[in-house]
Amino acid sequence: MTERKKELNLYTLDCGAGKPSGVWRAVKFKHPFTFDALAMEPESKKAVVDDLDRFLGRRDFYRKVGRPWKRGYLLYGPPGTGKSSLIAAMANHLKFDVYDLQLSSVLNDSVLRRLLLSTSNRSILVIEDIDCSLGFADRQVHLTGEAKDKYGNEVDMDSQISLSGLLNFIDGLWSSCGDERIFIFTTNHKEKLDPALLRAGRMDMHIHMSYLTMPAFKVLAFNYLNISGEHHLFKEIEELIQDIKVSPAQVAEELIRSDDPDIALSGLIKMLKQHKLEHDQNKQTSIAKYINGKIGNDVGGLTNGVYDDESYEFSSD
């Protein structure tokens with residue numbers, strides 16, 4: 001196994017004046033997040049760590065079977081469920097540099113290939129919100145004019161990137177130019193992605209980042225309030241998060257408000273109850289609209305009532 005580096009870098013694409021194709025610029029990667037702090041289902045967390053460790057130790061295996069020494073991960077789930085935190089934990093666990101690529105800043109397929117070739121070995125290349133980066137429904141897009149990246153920076157765009165170009169980028173001949181490469185895509189809407197992006201060999205492991213569960217909540221309680229065992233308010237919290245789909249980010253925001261466990265947990269319960277009440281009220285409104293619509297249909301009206309009884313979702317962007 002290759003000796004792991006101690007100091008990590010985070011690279012982003014600089015497309016400033018005189019650099020229309022972009023060059024990688026580095027800052028020190030000092031994100032402190034680790035797997036121990038990650039509010040994630042224990043079984044899923046262990047599966048990810050085991051997969052990463054297995055990948056690191058299989059140089060000879062990949063050469064034997066004739067495959068590039070790389071691995072792809074798709075992180076999918078609602079906003080605020082820890083996708084970016086998982087990336088940081090993976091980088092710190094592997095001791096790999098991170099390349100953050102905004103596809104909207106890439107001119108064409110050839111530039112995409114050049115960017116891949118200029119990344120280092122033992123690195124993670126991240127494309128966040130892949131479903132929003134480009135519209136791959138027609139397998140090719142052509143964007144012109146000016147736009148902004150996710151940080152609000154203006155991007156001059158005359159961008160033509162094909163789905164086949166992206167696939168070759170992560171799984172074609174050019175993808176074999178380097179060792180110990182990790183590719184990570186994130187999305188809030190897995191169902192919007194072209195199936196060609198999702199198959200094994202491209203995205204080898206699909207990791208669902210779900211709403212908060214009780215085991216994951218206990219990780220947050222330990223991280224923020226140093227509660228290592230049970231607490232008399234845990235049972236009430238468990239009942240509430242079973243009814244309300246709440247993200248780890250939103251719960252963490254409540255827990256950080258006080259160092260006193262009783263105060264912080266009471267505030268969390270208050271917030272969860274408030275949103276449960278709002279959900280119940282919205283549900284009653286939906287039922288009333290459905291009934292009124294149905295009555296209208298029964299008497300020959302033109303309105304259609306649709307009642308959707310999905311469980312309540314509450315998350316933070």
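The following dialogue considers how to read several features of a predicted model.

Colleague: What should be known about the model before its features are read?

Modeller: The model is predicted, so local features need pLDDT of at least 70 and side-chain atom pairs count only at pLDDT 80 or more, while totals for chains, interfaces and linings use all residues. Residues are numbered from 1 along each chain as its sequence is written, and side-chain values use heavy atoms, with hydrogens and water left out.

Colleague: How many helices and strands does the chain have?

Modeller: Helices (H or I, at least four residues) and strands (E, at least two) are DSSP runs, numbered from the N terminus. The chain has eleven helices and eleven strands. Of its 317 residues, 44% are buried; buried means under 20% relative accessible area, exposed over 50%, and partly exposed in between (1.4 Å probe, protein chains only).

Colleague: Which residues have the most contacts inside the largest nonpolar core?

Modeller: In soluble globular proteins, nonpolar side chains tend to be buried together. A nonpolar core is a set of buried Ala, Val, Leu, Ile, Met, Phe, Trp, Tyr and Cys residues joined through side-chain atoms within 4.5 Å. The largest one here has 30 residues, and Phe35, Tyr73, Ile124, Ile184 and Ile207 have the most contacts inside it. At least two residues of this core come from each of helix H1 (42-56), strand S3 (70-76), helix H3 (83-94), strand S5 (123-127), strand S8 (181-187) and strand S9 (205-208). H3 gives the most, with seven residues. A second, separate core of 28 residues includes Leu13, Leu125, Leu163 and Phe183.

Colleague: Which residues are in contact with Tyr73, leaving aside its neighbours within four places in sequence?

Modeller: Contact means heavy atoms within 4.5 Å. By that rule, and with those neighbours left aside, Tyr73 is in contact with Asp51, Leu52, Met90, Ile182, Phe183, Ile184, Phe185, Met203, Met205 and Ile207. For the chain, residues 24 or more positions apart account for 73% of the contacts with a separation of 6 or more.

Colleague: How many salt bridges are there, and which residues are linked in a network?

Modeller: A salt bridge is a side-chain nitrogen of Lys or Arg within 4 Å of a carboxyl oxygen of Asp or Glu. The count comes to 13, and Asp51, Arg54, Arg67, Arg71 and Asp204 are linked in a network. Within that network, the closest N and O atoms of Asp204 and Arg67 are 4.0 Å apart. This pair links distant parts of the chain, 137 residues apart: Asp204 lies in the loop between helix H7 (195-198) and S9, and Arg67 in the loop between helix H2 (59-65) and S3. Arg67 counts as partly exposed because its relative accessibility is 45%. Asp204 also meets Arg71 in a salt bridge, at 4.0 Å from N to O. Arg71, in strand S3, is 133 residues from Asp204; at 17% relative accessibility, Arg71 counts as buried.

Colleague: How should a buried charged residue without a salt bridge be read, and what does Asp131 show?

Modeller: Here Lys and Arg count as positive and Asp and Glu as negative, whereas His and the chain ends are not counted. Asp131, found in helix H5 (residues 130-133), is buried yet has no salt bridge, and the nearest side chain of opposite charge, Lys192, is 4.9 Å away. A polar contact is a pair of N or O atoms within 3.5 Å; within protein, one must be able to donate a hydrogen and the other to accept it, and residues adjacent in sequence count only if both atoms are side-chain atoms. The side chains of Asp131 and Thr187 are joined by such a contact, of 2.6 Å.

Colleague: Is helix H10 (residues 248-255) largely enclosed or exposed?

Modeller: Helix H10 is largely enclosed by the rest of the structure, because six of its eight residues are buried. The buried residues are Pro248, Gln250, Val251, Ala252, Glu254 and Leu255.

Colleague: What is the sign of phi in Glu180 and in Asn226?

Modeller: Most residues other than glycine have a negative phi, and most peptide bonds are trans. Glu180 has a positive phi of about 55° although it is not a glycine, and Asn226 has a positive phi near 60°. Glu180 lies in the loop between H6 and S8 and is buried, at 3% relative accessibility. Asn226 lies in the loop between helix H8 (214-225) and H9 and is exposed, with a relative accessible area of 59%.
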